Amino acid sequence: MTKLFMFEKPLGMRDTFPDLYEIKDQTKKKMEQAMKLWGYKFIETPSLEYYETVGEASAILDQQLFKLLDQQGHTLVLRPDMTAPIARIAASKLLKDEAPLRLAYSNSVFRAQQREGGRPAEFEQVGIECIGDDSVSADAEVIALMVSVLKEAGLENFKISIGHIGFVQELFTQIVGTEERADTLRRYLYEKNYVGYRRHVNELALSSIDKQRLFRFLQLRGSENVLGEAHSLLEGGKGLHALEQLKELWSILKDYEVEQYVKFDLSLVSHMSYYSGILFEVYGENVGFAIGNGGRYDKLLEKFGKNSGATGFGLRLDYVLEAMQVELTSTLQQCVLFSDERRKEAIRLAIELRSEGVNVVLQNWKGVGDVDEFTKGFSHVHFVVGQDPKGGETS
Amino acid sequence: MSALTIAMPKGRIFEEAVELLRKADYNLPPEFDDSRKLIIEVPQEDLRFILAKPMDVPTYVEHGVADLGIAGKDVMLEEERDVYELLDLRISGCYLAVAGLPNTKMSDVAPKIATKYPNVASSYFREQGEQVEIIKLNGSIELAPLIGLADRIVDIVSTGRTLKENGLVEYETIVDITSRLIVNPVSYRMKDEKIQDLVTRLTRIIG
């Protein structure tokens with residue numbers, strides 16, 4: 001191993017300097033406020049969880065987990081997402097009756113280090129979970145709230161793609177016969193390999209009508225009219241329920257007046273086994289990766305012993321900021337520069353300014369080497385120096 | 001909406017891809033082909049091309065600095081990037097193969113494979129039930145068996161001439177390769193109409 005330089009930090013870890021911190025903090029507060037206004041309550045969970053419980057239940061691939069051992073020899077993970085920990089508490093503690101639970105979080109999560117840049121191993125996620133409500137209303141609320149949160153954060157240009165795991169699964173099983181074969185097809189979708197999907201379909205022993213159904217499935221992207229086309233691919237009752245849910249979702253989203261942000265993309269799937277119904281991803285300009293995602297994950301609560309519906313979303317704060325293309329500017333601060341003789345006066349002035357909400361640096365003249373250099377960064381400098389009690393105040 | 005950025009590999013694939021785009025009625029300037037610029041703007045079509053090393057095309061596309069890219073399947077297999085593979089352009093056909101000196105066996109102790117594609121090679125041999133050691137090279141892979149660096153090589157074969165001239169023979173074919181149109185998942189949604197137009201026009205040409 002090469003000797004580390006003193007400035008180095010582990011791969012994938014980032015520092016946040018004051019200017020960025022300020023913007024991040026402001027944005028996060030706006031997002032949190034929007035969530036609170038919708039009645040979501042914030043919680044915190046530990047950074048470390050058991051691998052056997054939260055680690056295994058989590059949607060994050062095993063090789064992306066940070067693992068360590070505790071003194072008893074249990075394997076621990078640094079929480080890779082917030083959904084699994086929240087499911088753990090919801091199932092064991094909070095979800096006592098039939099009342100839906102609305103929870104929010106804003107925390108760091110951890111993913112294993114990667115060689116390539118642009119993939120931090122620790123990043124902040126802001127999101128919500130709506131637990132104990134099976135209705136499509138809950139799915140719509142989550143999507144509408146996500147729109148509201150992104151707009152409050154200051155993002156205008158974003159798009160949400162919505163899919164439905166149930167539809168994909170039922171259509172595929174209906175056409176190819178077995179779950180196993182359907183899984184093969186779904187894996188091509190998950191790998192985004194449409195060339196491979198088409199080739200595989202061509203090799204299947206199916207009628208040309210069925211092959212056409214599978215090819216046309218890839219085109220199911222767009223607004224409401226997609227649902228009609230999707231309907232024409234179905235035979236019999238299978239998959240109909242999923243489409244009805246999407247239809248209902250669309251009409252609720254119209255009531256929320258957020259339909260302009262939303263498009264259906266029925267080829268959207270996830271590698272995670274616990275997504276069970278409506279799922280979505282959100283994309284912004286200037287970022288090559290989805291800035292957030294979410295969906296219905298009823299099966300996750302089952303893993304923690306509770307048979308209950310749940311849906312939610314998580315947004316990546318770093319990508320949200322990237323999508324907004326914020327310019328880093330220093331926050332406005334004033335300075336009270338004083339000399340010993342007038343210290344008391346200076347302290348009083350600082351207190352007064354702070355009570356008005358001004359950020360004030362109180363600095364003894366003696367401690368500054370180059371006054372011009374030091375005072376450059378302030379919007380206003382109060383000089384409380386010298387003998388004259390009336391003082392000469394300039395900026 | 002901003003222009004579409006397309007990452008293109010330099011060399012043979014580039015020429016064939018440009019020809020394909022021209023057939024699909026994209027008006028690309030004639031001097032396009034001999035330019036040494038790395039970024040070429042085509043304002044009349046609202047397109048921008050960036051010229052990259054073939055192996056790097058999926059990287060540009062995955063990070064979203066290019067909306068689309070044209071990449072060989074060999075590169076897609078090696079890099080495993082999270083991008084949509086939308087179309088088989090059916091250009092620049094070739095295949096990945098295992099080659100080596102004629103009438104030789106792989107070492108029993110520690111068979112060595114030299115290749116530009118360490119991931120593809122190692123998963124291929126694992127699937128064959130063989131445990132091999134991989135040596136990554138960046139070019140002139142044919143040298144490796146000739147001077148005793150490796151027992152076999154895994155490389156792209158298009159005509160087979162290079163192998164022949166260096167006295168090597170093919171042992172197995174791993175997979176057929178053509179160039180693919182790849183798309184960044186975010187661009188696929190944010191610029192869906194433009195991308196769909198390009199896909200439709202290209203599909204008409206390749207059939």
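**Exercise 1. Find which strand of chain B pairs with β2 (residues 39-42), and in which sense.**

Solution. Start at strand β2 of chain B and look for its bridges: four of them lead to strand β3 (residues 47-52) of chain B, and the sense is antiparallel. Keep in mind that this is a predicted model. Next, pick one pair to check by eye: Val42(B) has Leu47(B) in β3(B) as its bridge partner. Finally, look at the turn. The hairpin of β2(B) and β3(B) has four residues between the strands, and Asp46(B) takes a positive phi near 55° there.

**Exercise 2. Trace the open sheet of chain A and work out which strands stand at its edges.**

Solution. First, write down the strand order. Nine strands line up as β1-β5-β6-β12-β11-β10-β7-β9-β8 in chain A, with mixed pairing. Then go to the ends: β1 (41-42) and β8 (221-222) of chain A each have a single partner strand, so one side of each is left without a neighbour in the sheet.

Now zoom in on one pair. Strand β7 (residues 158-164) and strand β9 (residues 262-265) of chain A run parallel and share three bridges. Handy landmark: Ser161(A) sits opposite Lys263(A) in β9(A).

**Exercise 3. Say which strands of chain A are touched by helix α4 (residues 136-153), and which ones helix α10 (residues 240-255) lies across.**

Solution. Take α4 of chain A first. This helix packs on the sheet and touches β6 (122-131), β7, β9, β10 (278-284), β11 (292-296) and β12 (310-316) of chain A. Its direction makes about 20° with that of β12(A). Then move to α10 of chain A, which lies across β7, β9 and β10 of chain A and runs at about 155° to β7(A).

**Exercise 4. Describe the side of chain B that touches chain A.**

Solution. Begin with the head count: 17 residues of chain B are in contact with 14 residues of chain A. Next, ask where the chain B residues come from. β5 (84-88) and α7 (185-190) of chain B each supply at least two, and β5(B) gives the largest share, five residues. Last, sort this side of chain B by residue type: eight nonpolar, three polar and six charged.

**Exercise 5. Work out how the two domains of chain B meet.**

Solution. Set the bounds: the domain assignment gives domain 1 (4-92 + 178-206) and domain 2 (94-176) of chain B. Their centres, taken over C-alpha atoms, are 29 Å apart. For the contact, domain 1 of chain B puts in four residues and domain 2 of chain B six. On the domain 1 side, these split into one nonpolar, one polar and two charged.

Terms used. Residues numbered from 1 in each chain as written. Chains lettered and ligands numbered in written order. Predicted model: local features only at pLDDT ≥ 70, side-chain atom pairs only at ≥ 80, totals over all residues. Contact = placed C-beta atoms within 7 Å. Nonpolar A, V, L, I, M, F, W, Y, C, P; charged D, E, K, R; others polar. Domains from an automatic or database assignment. Pairing = 2+ DSSP bridges. Axes fitted to C-alpha atoms, helices over the stretch in contact; angles between N-to-C directions.
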